[in-house]
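Reader: Before we begin, I should like each term to be justified by its criterion. Please set every value against the definition that it has to meet.

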Amino acid sequence: MIPALMPTYNRADLAFERGDGAWLYTAAGRRFLDFGAGIATSSLGHNHPHLVAAIAEQAGRVMHVSNLYRVPQAERLAARLVEASFADSVFFCNSGAEANEGMVKLMRRAQAATGHAERTRIVCFDGAFHGRTLAMLSATGNPKYLSGFGEPAPGFDHVPLGNMNAVRDAIGPTTAAIMVEPIQGESGVNDAGPRFLRELRAAADEFGLLLGLDEVQCGMGRTGRLFAHEWAEVRPDVVSTAKGIGGGFPLGAILATEAVARHLTPGSHGTTFGGNPLACAAGNAVLDVLLAPGFLDGVQARGRTLAAALERLIAARPDVYEGVRGHESAAGLMIGLRCRLPVADLQEAALQEELLVVTAGDNVLRIIPPLVVSDAECLEAADRLARAAERLAPTQDRRSAEPVREMAAS
Ligand SMILES: *Cc1c(COP(=O)(O)O)cnc(C)c1O
């Protein structure tokens, strides 16, 4: 018989009762080190006192009023995001897919409103992940996700990431925009790289296209800058973000320049829940932490600690672990660990070591801890990954399997 909860996920047989920082606890008291952060979403970890207090306080006043009225919490959050980014204006919604849908609508609308109604097509990239709504399935382009859902939504062209010739070939008179993740998460933590992003900006300018960046996963401090594109010093026209922006509370956002945003006039786009007082109280609390002096520098520093520990792990177990991804041009706490054994097996072995990590494409483990993680916790995660390797591929001489912590101390 089908479970009451629709079985769209292969869930681990584990339920957590409470959390604290980077740790999650089951009802039976088992304690897990959470280096998945609910898929890069619990940016402040679990039970963060400032976030909890902000949500509880707002819930006790008013949670939802609709967008028929002013929402001061949303006005404040938007103003702070504008102040801290390239953007002039922000639209709030509830998820990454919804943010990307809005980003595509906005880019098409801006083309139409400036005399180019024929420009509707979006250049996307192989390995992209933009969400699970009907149009974003097409933007994602992964045949596995499209299967059985009817005609793919038209208007999305795919080319290999990093290939400017292919991008130029794909651009035609009906192209409206380029849409890219600065760092692809789902397909294996693939860094588009600063040079490629700058070339995309140049191509967009040359052909009159808009550049939309999907920072649903890599944005909101994940790479040690508020947005990952800051590493490339590229000015986008539109950015979508979600995941970490609410610290676990559902919230998404579209950030845009005035030249583009002014075309979403009243009535042209909407959402019932988007940007309600409760969600924006969460967003403001997250931003309080992210924008506090030194916090993002700390994310970079912990990212270096984690990447170095993973490099030592790879050196110690080259039979199991192959390489680190995502630190080519950015830093921070979005790291891919390419594996030589099947990642699903390593994820399971890590679970037995009470470490939570997320799999990605290309046999990569995604290491995406809360942004508040400590150096010691980063070293502990690498130790647990060494023990996970040992479970699957025992070394003859046990001493050679455990040098990660010793080397980390030196
Ligand atoms: C997770 C993700 C999405 C989809 O976000 P949802 O909130 O699940 O709709 C879109 N783009 C990227 C890059 C993501 O990582």
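Reader: What makes R80 and D288 a salt bridge?

Author: The term requires a side-chain nitrogen of Lys or Arg within 4 Å of a carboxyl oxygen of Asp or Glu. In R80 and D288 the closest N and O atoms are 2.7 Å apart, so the pair meets the 4 Å criterion. R80 belongs to helix α3 (residues 72-84) and D288 to helix α10 (residues 277-290), so the salt bridge ties together parts 208 residues apart in sequence. Helices here are DSSP runs of H or I with at least four residues, and strands are runs of E with at least two, numbered from the N terminus. The whole structure holds 19 salt bridges by this rule.

Reader: On what kind of model do these values rest?

Author: This is a predicted model, in which local features need pLDDT of at least 70 and side-chain atom pairs count only at pLDDT 80 or more, while totals for chains, interfaces and linings use all residues. Residues are numbered from 1 along each chain as its sequence is written, and side-chain values use heavy atoms, with hydrogens and water left out.

Reader: Why are G96, with its backbone N or O atom, and Q217, with its polar side-chain atom, said to make polar contacts with the ligand?

Author: A polar contact is a pair of N or O atoms within 3.5 Å; within protein, one must be able to donate a hydrogen and the other to accept it, and residues adjacent in sequence count only if both atoms are side-chain atoms. The backbone atom of G96 lies 2.8 Å from a ligand oxygen, and the side-chain atom of Q217 lies 2.7 Å from a ligand oxygen. F129 has a polar backbone atom 3.0 Å from a ligand nitrogen. The residues around the ligand (a heavy atom within 4 Å) include H130, E181, D214 and K243.

Reader: How do you know how much area domain 1 and domain 2 bury between them?

Author: An automatic or database assignment gives domain 1 (16-34 + 294-409) and domain 2 (50-290). Buried area is the accessible area (1.4 Å probe) that two parts lose on being put together, summed over both; for these domains that is about 1,800 Å², 60% of it on carbon and sulfur atoms. L296, S329 and M334 supply 35% of the area that domain 1 buries against domain 2, more than any other three residues.

Reader: Which kinds of pairing cross the interface of domain 1 and domain 2?

Author: The rule finds zero salt bridges there, but seven residue pairs in polar contact, both at pLDDT 80 or more.
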